[in-house]
Amino acid sequence: MPRKKKRRTIVYTDPLRDDFAGMHIRREEVGGDFPYIRTSLFWRAGSWLLYYGIAVPIVFVVSKLYLGMRFENRKVLKKLPPGGYFLYCNHTHILDVFVPPLAAFPRRVYTVAGADAISIPGLRRLVMLLGCLPIPTKNSALPVLREAIEMRCREGGCVAVFPEAHIWPYYTKIRPFGPASFTYPARLGAPVVAAVVTYRRRRGLFRLCRRPGMTVHLRDPIYGDAEASLRERKDFLRDQVYTFMCKTAAEEENMEYIRYVPAGEEDGPVEGDSLSKLQ
């Protein structure tokens, strides 16, 4: 009888800072002179053509065939009023950046990402054309990033944020995150939509694939209280998003493809069923 393959185990020490993307990129500096917004007609036309003519079709095919991506409650995005909004998602796959463009289509997506995203040799211009908004490495760039985010939101775009910041591949729980990344929607009064990626066993033609498929669950839009202080609005938005993420990750089918254990507990008990609800 063939032996059942043991699941890969990752040992972590800090759920706030550990990153298991495996990219090992030398990070470039993002200061106050970083060109977040390009206004030339050539740049804007090239960006539009690259995004809608090449990137979106590729994202669609890869997401459906390789990632097995499905959406639950996507209709809530179609009911949003004119104007921009913010989409917050957990960060559990190097390709989960494909979630916002598919969820928000036909709206344009602009993704707030770590400086690593623009530090891959030869790809900086490409990711900027596709709408990357890198997080500054210097405080001098913070006002410039804020201006860019507010501009994209006013234009009616979707600003995507991964508040967990670091990638933990196929992780089935939600890591802690604070209210800092909710400053922008709180200040603008823009709606916030929470998205949670869970993992399911592949079926049908893809049932022999060991890697689980993605299911993206979307929450109805969240609005802050206009009468509350900025801090209260940030905290409220964060709490609503975090609660929904934790609840969804715990209650929906969530296949544990990679086992995560804290340092010092490597020899602890292993769940018998890989389809465990771990939250």
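These exercises work through helix α1, a loop contact and the salt bridges of a predicted model.

Residues are numbered from 1 along each chain as its sequence is written. In this predicted model, local features need pLDDT of at least 70, side-chain atom pairs count only at pLDDT 80 or more, totals for chains, interfaces and linings use all residues, and side-chain values use heavy atoms, without hydrogens or water.

**Exercise 1. Describe the course of helix α1 and find what covers its buried residues.**

Step 1. Take the length. Helix α1 has 25 residues and reaches 35 Å from its first C-alpha to its last. The expected value is 36 Å, taken as 1.5 Å times one less than the number of residues. Helices are DSSP runs of H or I, at least four residues, and strands are runs of E, at least two, numbered from the N terminus.

Step 2. Look for a bend. α1 bends by about 40 degrees at Ala55. The bend is the angle between axes fitted to the seven residues ending there and the seven starting there. Pro57 follows within four residues.

Step 3. List the buried side. Buried means under 20% relative accessible area, exposed over 50%, partly exposed in between (1.4 Å probe, protein chains only). The buried residues include Trp43, Leu50, Tyr51 and Ala55. Their cover includes α3 (99-104), β4 (109-113) and α4 (124-129).

**Exercise 2. Which residues does Asn73 contact beyond its neighbours within four places in sequence?**

Step 1. Place the residue. Asn73 lies in the loop between β2 (70-72) and α2 (75-78). Its relative accessibility is 26%, so Asn73 counts as partly exposed.

Step 2. Read the contacts (heavy atoms within 4.5 Å). Asn73 touches Leu218, Arg219 and Asp220.

Step 3. Check the chain separation. Asn73 and His217 are 144 residues apart along the chain, yet their C-alpha atoms are separated by 6.5 Å.

**Exercise 3. Set the salt bridge of Arg175 and Glu164 beside that of Lys247 and Glu251.**

Step 1. Apply the rule. A salt bridge is a side-chain nitrogen of Lys or Arg within 4 Å of a carboxyl oxygen of Asp or Glu. The count comes to six.

Step 2. Take the first pair. Arg175 and Glu164 meet at 3.0 Å, N to O. Both sit in the loop between β6 (158-161) and α6 (183-188), eleven residues apart. Arg175 is buried at 2%, and Glu164 is buried at 3%.

Step 3. Take the second pair. Lys247 and Glu251 meet at 3.1 Å, N to O. They are four residues apart in helix α7 (residues 230-251), so about one helical turn separates them. Lys247 is partly exposed at 48%, and Glu251 is partly exposed at 48%.
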